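This briefing goes through one protein chain, starting with the fold and moving on to individual residues. Please keep the sequence and the structure in view while reading.

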Amino acid sequence: MANNSTSSGNKYRYVILFSCSLMLAIVYMSLSSWGVAVPELKKTFDLSSTMIMAGAALLVAGYSIGNFFQGRWLNALGWRKLFGVVMLCFVVASVLIPYVSNYWVVLLLRFIQGWGLVVVITSSLVSGWFPAHERGMANGILTGAIALGVAVGGWLTGILLPLGWKTVFLILAGIDVVGIIIFYLTVRDMPEEAAAENVADTPAQDKASSFNIYTHPAMWLSGLAMFCTFFNAYGMYAFLGDYLYSIGLGPREVGSLVFFNGAIGIISTPAGGYFSD
């Protein structure tokens, strides 16, 4: 009976991976939609390029700070409660942005949106369901969904922008709600058999040294690597739309180029996960 349960869990982990990847792709669509909507945002709020890029920067600032707190709260609250809280903030902020007339409030709402980029929750779930020797590939696919969301968000916004940037934000918020429902319906807690298997699959040295991650050199080196990656990737996402408009391209062309720019990560990120395994 236990073997059947374990076998079922092994198959279900791919459902977990798909659902978490879909959720990440959906929330990251907001990142590229901001850049494609640059002309409309500038016109509405009478903004400089620097202030436009601040909207992208505040989203990522919310993400970075939110990740820290999500990591600390995950065990205490459980993924269901924590996911519900951060996604409620994300959706409410997404719906309010089109109706706010003060750009500084918009920036605050962008910061709150950043808390809804649920990388910590989804990566924790995926890592819990997959054994250590497959986690690199699984998390590579998961984080590749970030690039997919950026790509699709840019393409979709380019098509929908004639409806107005406010309508685009409301449509994306609606898609977020659908994604949240799918997530809650399909994601479940890791079975005890899989948890035991994952513990057994963890090297003894890792178990002994995992009690204090702040003294672990690997954490600081990984953090530095992520800082350098984000500095380049998210910095590029921030100014790409504004730059493309400045050379005379229209919304559809900008959306297409944002799509191809993001699509690079759909291949490179899972490849990195594969080689890490």
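A residue counts as buried when its relative accessible area is under 20%, as exposed when that area is over 50%, and as partly exposed in between. By that standard, buried residues make up 44% of the 277 residues in the protein chain. The model is predicted. The protein chain has 12 helices and zero strands.

**Overall fold and surface**

- Read from the N terminus, the order of elements is α-α-α-α-α-α-α-α-α-α-α-α.
- Among contacts in the chain with a separation of 6 or more, 84% are between residues 24 or more positions apart.
- The chain exposes about 13,800 Å², and 70% of this comes from carbon and sulfur atoms.
- A nonpolar patch of about 450 Å² on the surface is formed by Phe68, Ile213, Tyr214 and Trp220.
- One member of that patch, Ile213, sits in the loop between helix H10 (204–209) and helix H11 (217–246).
- Isoleucine 213 has a relative accessible area of 44%, so it is classed as partly exposed.

**Helix H6**

- Eight of the 11 residues of H6 are buried, and therefore the helix is largely enclosed by the rest of the structure.
- The buried set consists of Val119, Val120, Ile121, Thr122, Leu125, Val126, Gly128 and Trp129.

**The salt bridge**

- How many salt bridges does a search of the whole structure find? The search finds one.
- Its partners are glutamate 134 and arginine 13, whose side chains meet at 3.2 Å, N to O.
- The pair links distant parts of the chain, 121 residues apart: glutamate 134 lies in the loop between helix H6 (119–129) and helix H7 (135–160), and arginine 13 lies in helix H1 (residues 2–36).
- Glutamate 134 is partly exposed because its relative accessible area is 24%.
- Arginine 13 has a relative accessible area of 9%, so this residue is buried.

**Serine 21, also in helix H1**

- Helix H1 also holds serine 21.
- The relative accessible area of serine 21 is 11%, which means that the residue is buried.
- Leaving out residues up to four places away in sequence, serine 21 touches Ile141, Leu142 and Ala145.

**Arginine 110, a buried charge without a salt bridge**

- Arginine 110 belongs to helix H5 (residues 103–114).
- Which side chain of opposite charge is nearest to arginine 110? It is aspartate 176, 9.5 Å away, and arginine 110 is buried yet has no salt bridge.
- A salt bridge would need a side-chain nitrogen of Lys or Arg within 4 Å of a carboxyl oxygen of Asp or Glu.
- A polar atom of the arginine 110 side chain does lie 3.0 Å from the backbone oxygen of glycine 55.
- Glycine 55 is also among the residues that arginine 110 touches beyond four places in sequence; the others are Ser30, Trp34, Ala56, Leu58, Leu59, Ile97 and Phe169.

**Tyrosine 245, a contact across the sequence**

- Tyrosine 245 is part of helix H11.
- Is tyrosine 245 buried or exposed? Tyrosine 245 is buried because its relative accessible area is 14%.
- Tyrosine 245 and valine 38 are 207 residues apart in sequence, while their C-alpha atoms are 8.0 Å apart in space.
- Beyond its neighbours within four places in sequence, tyrosine 245 is in contact with Gly35, Val36, Val38, Pro39, Leu161, Gly250, Pro251 and Val254.

**Aspartate 46, an exposed loop residue**

- Aspartate 46 is located in the loop between helix H2 (38–45) and helix H3 (49–77).
- Although aspartate 46 is not a glycine, its phi is positive, at about 55°.
- Aspartate 46 counts as exposed because its relative accessibility is 70%.

Conventions. Residues numbered from 1 in each chain as written. Predicted model: local features only at pLDDT ≥ 70, side-chain atom pairs only at ≥ 80, totals over all residues. Heavy atoms only, no water. Patch = residues over 30% accessible without salt bridge, like charges linked within 9 Å, V, L, I, M, F, W, Y side chains within 5 Å. Areas by Shrake-Rupley, 256 points an atom, 1.4 Å probe, with all protein chains shown as cover. Helix = DSSP H or I, 4+ residues; strand = E, 2+ residues; numbered from the N terminus. Buried < 20%, exposed > 50% of the residue type's maximum accessible area, 1.4 Å probe, protein only. Contact = heavy atoms within 4.5 Å. Lys, Arg positive; Asp, Glu negative; His and termini not counted. Polar contact = N/O pair within 3.5 Å; in protein donor to acceptor, adjacent residues only side chain to side chain.
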